[in-house]
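Biologist: I am new to this structure and would like a close look at the surroundings of the ligand. Please take that part slowly, and then follow the elements that lead away from it.

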Amino acid sequence: MTANITANSPGAADLAAADLAMPDSRRNLIGLTRPELADSVAVLGVPERQRKMRVSQLWRWMYNRGVDSFDAMSDLGKDLRQGLHDNHSVARPGIATTLQSTDGTIKWLLRLADGNEIEMVYIPELDHGALCVSSQVGCTLNCRFCHTGTMPLVRNLTAGEILGQFMLARDCLDDWPDADGLRKISTIVMMGMGEPLLNYDNVAKALTIIMDMEGIALSRRSITLSTAGLVPAMERCGRELRVNLAVSLHAVTDKVRDKLVPLNRRYPIAELIQACRDYPSANNARRITFEYVMLQEVNDSLEDAHELVRLLRGIPAKINLIPFNPWPGAPYECSSNNRIHRFAAVLNDAGYAAPVRTPRGRDIMAACGQLKSASEKQPAARRQTG
Ligand code: SAH
C-alpha cells in the first residue's frame, strides 16, 4: 500500500466497529417489498387497516430520509417503534476498511453479517459520481484477467445486501436528500464483484426499490448493469428492468473470448451480439456500452479493432476501453499506450465514442477483487483499520 491512503473517517470507523462487534440476529427490513414489510408489521400487531399507511411511513424513513434507526421514525408511534427495534433492524453492511485515493475515489471493503467480504467503490466526477456495487461474494465466471475469479468462495448477495451498499454509501458521503437537490451519487453501476445476471432475482428486487418513486427514486437511466453475457437473462433484464446495459465483450473472436471469458463457450459472440441488438432500450438515446479490456498482444490489434466495428454495426454503442489493471500473478499485461490509441482511433473513425477509461484509484488497488484479496492475506486483527 502507498502513502496516499487516508484512514477511515471517524463516522465510518464507529459504524464498522459497532457492526463488527455485534452480529445482529434481528431481521433486516432493507430489501423487503411493500407486501413483505406489511407482513412484518402485521406480526407486530398493526391492524390491517393501518398497515398500508405504516408501510408507507417506514418506506419513506428508510429510503427517502435514509434513517438507520427506528427511534428516528417519529410518526410511527412509540409501541410500534419499540416492536420494530426489538425484532428488526435497518442495518447496512459493516465497514472493514475504507481507502481514499488521491484522485477522490473511495473504496470500501465491506463485511456482511456472515463474515463474508465484498467491495464497493465510489468514483467522483466533476459534478456527479458513480457508485460501483457488488452483486455476489466472489464470482463463478473465472474471466482470466479478473482477480475476483481467483477467489474460492461464492454466494449471491441478498437484495438487502445489494441495496444496503448504496444506503451505506449515502450515509458515508452524507448524501441523503436535502434542499439542494444535488447528489454525490448520481449513478449506480452494477460492476463490482460478481455477475449480476447470475443473481437476477435479488439484483432486480434491489434495483426496483432503488427506482421506486416514493423512496430513493433513481431513474433507470441512472443505473447501468454490466454483464459478461448471460444471454437469456439479458432479455429478461431488458423487459423487466430496462436499465442501461454494459456488456463485457473484451474480444472479437470466439477463440480469444472463450479463453478470456469462459461464459462465451455457452453464449458465443454471435448470440451475445444478437441479444444486444434485441435489447429494448438500444436506441440512439440509450446506447449499449461495450467494455473492452486492453491486453497487450491478446485482443488489441488493428484487425481486432476493425472486426469490432464490423460486429457492432447498427447497434447504438459506446465502447469503453479499459486499460488492464494488473494484479500479482496475472497472466496478462496492459496494452501499451500506443496500441490503445491506435485501437481507439479505428473506432473513432468509424463514428464510435471510444473513451479510454482513465485508471482511477490505482493507489488503492481499485480493480475488481484486489482489496478483498489483500485483506485476506492479513490477520483479522489488522484488517479492522477503524
Ligand atoms: N460480471 C460483470 C460485472 C463485474 S466486472 C461483467 O463481467 O461485466 C466489471 C468490469 O471490470 C468488467 O468489464 C470486467 O471484465 C472488468 N475487469 C475485471 N477485472 C479487470 C482488470 N483486472 N482490469 C480491467 N478490467 C477488469
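Modeller: What follows starts at the ligand and moves outward through the chain.

The model is predicted, so local features are described only where pLDDT is at least 70 and side-chain atom pairs only at pLDDT 80 or more, while totals for chains, interfaces and linings use all residues. Residues are numbered from 1 along each chain as its sequence is written, and side-chain values rest on heavy atoms, with hydrogens and water left out.

The ligand is surrounded by 19 residues, of which the closest are Gly194, Ser226, Ser248, His250 and Asn325; a residue is taken as near the ligand if one of its heavy atoms lies within 4 Å of it. By residue type, this shell divides into 10 nonpolar, 7 polar and 2 charged residues, where Ala, Val, Leu, Ile, Met, Phe, Trp, Tyr, Cys and Pro count as nonpolar, Asp, Glu, Lys and Arg as charged, and the others, Gly among them, as polar. Strand 10 (223-227), strand 12 (288-294) and strand 13 (317-323) each supply at least two residues of the shell; strands here are DSSP runs (E) of at least two residues and helices are runs (H or I) of at least four, numbered from the N terminus.

Some of the surroundings come within polar reach of the ligand, a polar contact being a pair of N or O atoms within 3.5 Å (within protein, one must be able to donate a hydrogen and the other to accept it, and residues adjacent in sequence count only if both atoms are side-chain atoms). An oxygen atom of the ligand lies 2.6 Å from an N or O atom in the side chain of serine 226, and a nitrogen atom of the ligand is 3.1 Å from an N or O atom in the side chain of glutamate 195. With threonine 227, a backbone N or O atom is involved, at 3.5 Å from an oxygen atom of the ligand. The ligand taken alone exposes 530 Å², and the protein buries 93% of that, with areas computed by the Shrake-Rupley method and a 1.4 Å probe (for residues, only the protein chains shown count as cover).

Strand 12, which helps to build the shell, also holds tyrosine 292. Tyrosine 292 counts as buried because its relative accessibility is 1%, where buried means under 20%, exposed over 50% and partly exposed in between (1.4 Å probe, protein chains only). Its C-alpha lies 9.6 Å from that of valine 356, although 64 residues separate the two in sequence. In the loop between strand 12 and helix 10 (302-312) sits asparagine 299, which is likewise buried, with a relative accessible area of 1%. Asparagine 299 and arginine 257 are 42 residues apart in sequence, and their C-alpha atoms are 9.0 Å apart in space.

Strand 10, also named in the shell, is preceded by a loop from helix 6 that contains alanine 217. Alanine 217 has a positive phi, near 60°, in a residue other than glycine, and it counts as partly exposed at 30% relative accessibility. For context, most residues other than glycine have a negative phi. Asparagine 244, in strand 11 (residues 244-248), is buried at 15% relative accessible area, and its side chain reaches the backbone oxygen of arginine 221 at 2.8 Å.

Helix 6 (residues 200-211) brings us to the interior, since it gives the largest nonpolar core its largest share, 8 residues. That core has 113 residues, and those with the most contacts inside it are Leu58, Phe145, Phe290 and Ile319; such a core is a set of buried Ala, Val, Leu, Ile, Met, Phe, Trp, Tyr and Cys residues joined through side-chain atoms within 4.5 Å. The core draws at least three residues from each of domain 1 (29-89) and domain 2 (94-383), with bounds from an automatic or database domain assignment.
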